[in-house]
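Work through the following exercises with the coordinates open, and try each task before reading its solution.

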There are 2 protein chains.
Amino acid sequence: LRSLLNKQDAVGIREVAEELHPATVAEFSEGLDDHEIWHLLDSLSVEQRAEIFPYYPLARQIQLVEDANNSQLGPLLEGMAPDNRDDLLRELDPSFVEAILPLVAKAERHDIRMLLSCPEDSAGSLMTTEYASLPAGISAGEAIARLRTQAPNSESIYYIYILESDRTLVGFISLRDLILANPTSLVADLMQRDIISVKVDESTEQVVQKLARFDFIAIPVVDNQNRLVGIVTHDDVLDTVREEATEDAQMSAAVAPLSEGYLETALITMTWKRGVWLTILFFTAAVTAMVLARTPITHVWLIAFIPLVIASGGNSGNQSATLVITALSMGDCTLADWPRILRRELILGLLLGTLLAIPGFLLALLYAPSPAQALVIPLTILSVVMLGSLVGSILPLLFRSLGLDPALMSNPFVSAIVDVVGIILYMSIAFMMLS
Amino acid sequence: LRSLLNKQDAVGIREVAEELHPATVAEFSEGLDDHEIWHLLDSLSVEQRAEIFPYYPLARQIQLVEDANNSQLGPLLEGMAPDNRDDLLRELDPSFVEAILPLVAKAERHDIRMLLSCPEDSAGSLMTTEYASLPAGISAGEAIARLRTQAPNSESIYYIYILESDRTLVGFISLRDLILANPTSLVADLMQRDIISVKVDESTEQVVQKLARFDFIAIPVVDNQNRLVGIVTHDDVLDTVREEATEDAQMSAAVAPLSEGYLETALITMTWKRGVWLTILFFTAAVTAMVLARTPITHVWLIAFIPLVIASGGNSGNQSATLVITALSMGDCTLADWPRILRRELILGLLLGTLLAIPGFLLALLYAPSPAQALVIPLTILSVVMLGSLVGSILPLLFRSLGLDPALMSNPFVSAIVDVVGIILYMSIAFMMLS
């Protein structure tokens with residue numbers, strides 16, 4: 001590729017790029033510098049440029065855009081699919097976005113403004129406004145002829161949406177059914193009227209759940225008057241699910257979600273994203289230390305069990321929080337199930353607490369002066385495991401009911417709360433039973 | 001639906017079912033008992049039955065199959081897509097599977113045996129053997145005519161694979177390109193020759209990464225001679241990603257992955273899946289208790305800092321483990337990057353440890369008899385945070401290199417190891433500095 005570039009062989013470059021998947025071209029050319037990439041892109045057709053560009057990592061796209069001149073940027077922005085362009089514009093400096101807006105054709109500007117005004121985690125932010133649509137009153141043969149002239153892009157041709165003149169969505173037909181149908185049949189008779197759609201302000205989680213449940217390649221997005229405004233395609237849903245799973249995992253481990261890959265994230269950014277949470281958790285742990293420092297521990301054998309008591313509560317709380325968070329995001333339960341969830345967690349806490357109390361008692365017998373005193377340990381374990389189960393299930397439900405992401409801070413929060421309350425419980429039970 | 005069933009109105013039922021998405025029919029009829037569901041299914045065509053059945057929850061499918069007679073089961077198994085049938089057969093009792101194998105036509109039996117012999121997490125286990133294929137030497141118009149007679153199912157018609165007579169994969173063409181092409185053009189000239197495929201024994205993780213990277217609706221699966229054996233479709237990849245994200249989250253919180261939804265899992269199963277890990281972690285915590293019990297703590301003020309020291313190491317370890325696990329599963333890094341990962345984690349551990357050591361020192365000044373003695377705390381914090389970073393990054397890499405799932409036990413393992421070693425570090429540093 002580089003040798004073709006050096007030879008200024010635009011035709012050769014264009015032919016090579018035509019043969020390869022756009023993602024492959026992007027991958028091969030990632031090693032080139034910005035100047036060389038623009039040289040490569042300039043050798044290609046506008047369509048090719050717009051197809052290849054979104055496959056560069058986002059950070060690289062930003063860098064390339066900021067280095068480009070207006071004659072390079074205009075055609076690129078116009079050619080890019082609205083959802084890809086939206087991803088890019090979101091990450092650019094707002095003043096830079098304002099400056100390049102005139103570059104984009106008037107019709108496109110409307111799309112951008114609409115997408116940018118959708119909240120980050122709504123169906124509207126995921127959708128593309130490129131879709132294939134037809135009226136109901138034509139034949140299957142006519143429909144195929146019209147699709148040939150519309151020539152929609154590859155991700156949106158497989159479902160064709162049937163609209164009334166005011167864009168009200170009345171049905172859809174798959175390209176498969178259109179091909180297999182008798183060319184003289186009317187679209188109105190062939191189309192599916194049982195439409196599964198999402199509202200533009202529904203959450204991405206609901207989009208994912210519906211698309212996954214119905215195995216669709218794309219799902220239509222409608223406004224409150226049931227007018228079609230866009231579609232969300234399978235590939236964007238897959239990307240969203242993968243990104244959200246990663247973000248949830250990072251949040252549950254007390255890391256502020258990374259916007260780039262692990263190895264691409266600068267060490268200073270990483271230090272900040274981990275450090276801010278470590279510091280917050282440090283101060284909650286400091287509360288535990290201050291509580292312990294103020295408690296005169298008259299029975300020295302109790303000290304050895306401090307980490308064990310804390311770990312039991314934390315582990316149980318972590319389990320409950322993760323189970324409730326994953327169940328909410330998979331759609332296995334909703335906020336309305338809270339009485340059932342709490343009842344289950346109460347029973348589980350009791351069962352698991354009893355399970356751990358038994359080896360806890362045996363271990364305590366080794367170090368306590370008497371079996372009666374050793375009872376402090378199993379009683380504390382039972383209490384902290386139940387505490388963990390309850391706090392771990394209540395916090396994600398509480399976050400969800402406040403409209404926050406349940407994964408946001410639940411696990412670190414759960415550990416911190418269970419640590420402090422667990423120590424207080426331990427010291428209180430010991431005080432009551434030993435004095 | 002129930003009233004139609006009671007009226008024995010088979011035609012009415014068939015019409016209602018035709019109007020609705022199979023998933024909707026399954027959802028509506030989930031409340032019926034097994035007898036009523038079979039009555040409903042028997043009223044429908046074989047195709048409808050086979051389409052609706054896979055949308056019942058797997059546990060329900062098993063129950064229904066075990067209640068069915070052979071004349072109900074035969075057509076159902078023959079009609080089901082190979083991947084759905086495979087999911088079901090995997091969960092059934094092996095002796096039951098042997099008993100019903102004669103029911104399935106001879107040609108189908110071969111598919112089943114092949115799929116069942118693929119490891120659970122390989123491309124082969126995800127693939128379906130239903131795909132559309134054509135030879136290269138025909139025209140686009142002829143290709144569409146042949147597709148009409150093949151009438152492949154909806155998930156597999158959108159990419160057509162071009163095969164030589166020995167099934168060697170030489171190219172593919174999307175239905176879109178076939179429709180848009182001049183009907184007289186040769187398939188050989190239209191098809192893409194730059195094929196992205198997966199080998200039958202590649203991991204599902206690699207399938208997910210390739211399909212997500214190239215935004216495909218389906219990806220072909222080939223054997224070692226590059227002969228097409230099946231395809232993996234976007235919907236199965238989406239299901240896999242969601243299931244694996246849930247399993248990873250549950251494993252990282254020390255819960256053995258649930259095979260059903262949170263609310264569907266019996267309390268006794270849940271107790272087992274949580275209890276087994278809580279017990280294992282309890283015994284590692286017991287080691288910490290025994291270490292502490294054997295260490296004479298001559299300086300009482302050190303006791304208050306035990307939970308804080310442990311929490312700092314555990315939190316840092318949890319962060320590193322989760323970052324490395326998510327990076328591996330997103331394809332952001334591979335095993336070969338281990339020197340870079342360890343170097344990064346070493347530096348991060350140093351930075352983060354220093355960050356926490358400062359407030360740690362200030363807090364220790366409040367309780368330690370002298371500033372020199374207070375230094376034990378920041379030094380310990382620095383050591384355990386670095387320990388956490390290193391153990392947290394090494395364990396997932398080690399698990400991966402042993403061919404195990406990095407998410408398998410890393411987080412609970414990390415905490416357990418960091419707890420024990422952290423306490424030993426704390427006591428050793430205190431002993432060296434204070435005696």
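## Exercise 1: the sheet

In this predicted model, β4(A) and β5(A) pair in the parallel sense over 2 bridges. Starting from this pair, work out the strand order of the sheet in chain A and find which strands are at its edges.

Solution. Begin with the pair already given, where the bridge partner of Val198(A) is Val221(A) in β5(A). Next, follow β5(A), which spans residues 218-222, to its other neighbour: β5(A) and β6(A) pair in the antiparallel sense, and this pairing runs over 5 bridges. Two residue pairs can be used to check the register, since Pro220(A) stands opposite Ile231(A) in β6(A), while Val222(A) has Leu228(A) of β6(A) as its bridge partner. Putting the pairings together gives an open sheet of 3 strands in the order β4-β5-β6 in chain A, with mixed pairing. The edge strands are therefore β4 (198-199) and β6 of chain A, because each pairs on one side only.

## Exercise 2: the hairpin and its cover

Decide whether the residues of β5(A) and β6(A) are buried or exposed, and find which residue in the hairpin between them takes a positive phi.

Solution. The hairpin of β5(A) and β6(A) has 5 residues between the strands, and there Asn226(A) takes a positive phi near 60°. For the cover, apply the cut-off that buried means under 20% relative accessible area. By this criterion 5 of the 5 residues of β5(A) are buried. In a regular strand the side chains alternate between the two faces of the sheet. Sorting β5(A) by face puts Ala218(A), Pro220(A) and Val222(A) on one side, with Ile219(A) and Val221(A) on the other, and both faces turn out to be covered. For β6(A), residues 228-233, 6 of the 6 residues are buried, so this strand is largely enclosed by the rest of the structure although it is an edge strand.

## Exercise 3: three residues and their surroundings

Classify Leu379(A), Gly314(A) and Thr24(B) by relative accessible area, and state which helix holds each of them.

Solution. Leu379(A) is placed in helix α21 (residues 376-401) of chain A and, with a relative accessible area of 40%, is partly exposed. Leu379(A) also belongs to a nonpolar surface patch together with Leu375(A), Phe431(A), Met432(A) and Met433(A), and the patch has about 520 Å² of accessible area in total. The largest share of this patch, 3 residues, comes from helix α22 (residues 410-434) of chain A.

Gly314(A) lies in helix α18 (residues 306-330) of chain A and is buried, at a relative accessible area of 12%. As a distance check, Gly314(A) and Pro54(A) are 43 Å apart in space, C-alpha to C-alpha, and 260 residues apart in sequence.

Thr24(B) has its place in helix α3 (residues 22-29) of chain B and counts as buried at 8% relative accessibility. When its neighbours within four places in sequence are left aside, Thr24(B) is in contact with Asp194(A), Ile196(A) and Phe214(A).

## Exercise 4: the two copies

Determine how chain A is related to chain B, and why the copies can be said to meet through the same surface.

Solution. Superpose the chains: a turn of 180° with a shift of 0.0 Å along the axis lays chain A on chain B with an RMSD of 0.1 Å. The two copies are thus related as by a two-fold rotation axis. Then compare the interface residues of both chains: 99% of those in chain A are also interface residues in chain B, so the copies meet through the same surface.

Note on methods: Residues numbered from 1 in each chain as written. Chains lettered and ligands numbered in written order. Predicted model: local features only at pLDDT ≥ 70, side-chain atom pairs only at ≥ 80, totals over all residues. Heavy atoms only, no water. Buried < 20%, exposed > 50% of the residue type's maximum accessible area, 1.4 Å probe, protein only. Helix = DSSP H or I, 4+ residues; strand = E, 2+ residues; numbered from the N terminus. Pairing = 2+ DSSP bridges. Patch = residues over 30% accessible without salt bridge, like charges linked within 9 Å, V, L, I, M, F, W, Y side chains within 5 Å. Areas by Shrake-Rupley, 256 points an atom, 1.4 Å probe, with all protein chains shown as cover. Salt bridge = Lys/Arg side-chain N within 4 Å of Asp/Glu carboxyl O. Least-squares fit on C-alpha atoms with pLDDT ≥ 70 in both. Contact = heavy atoms within 4.5 Å.
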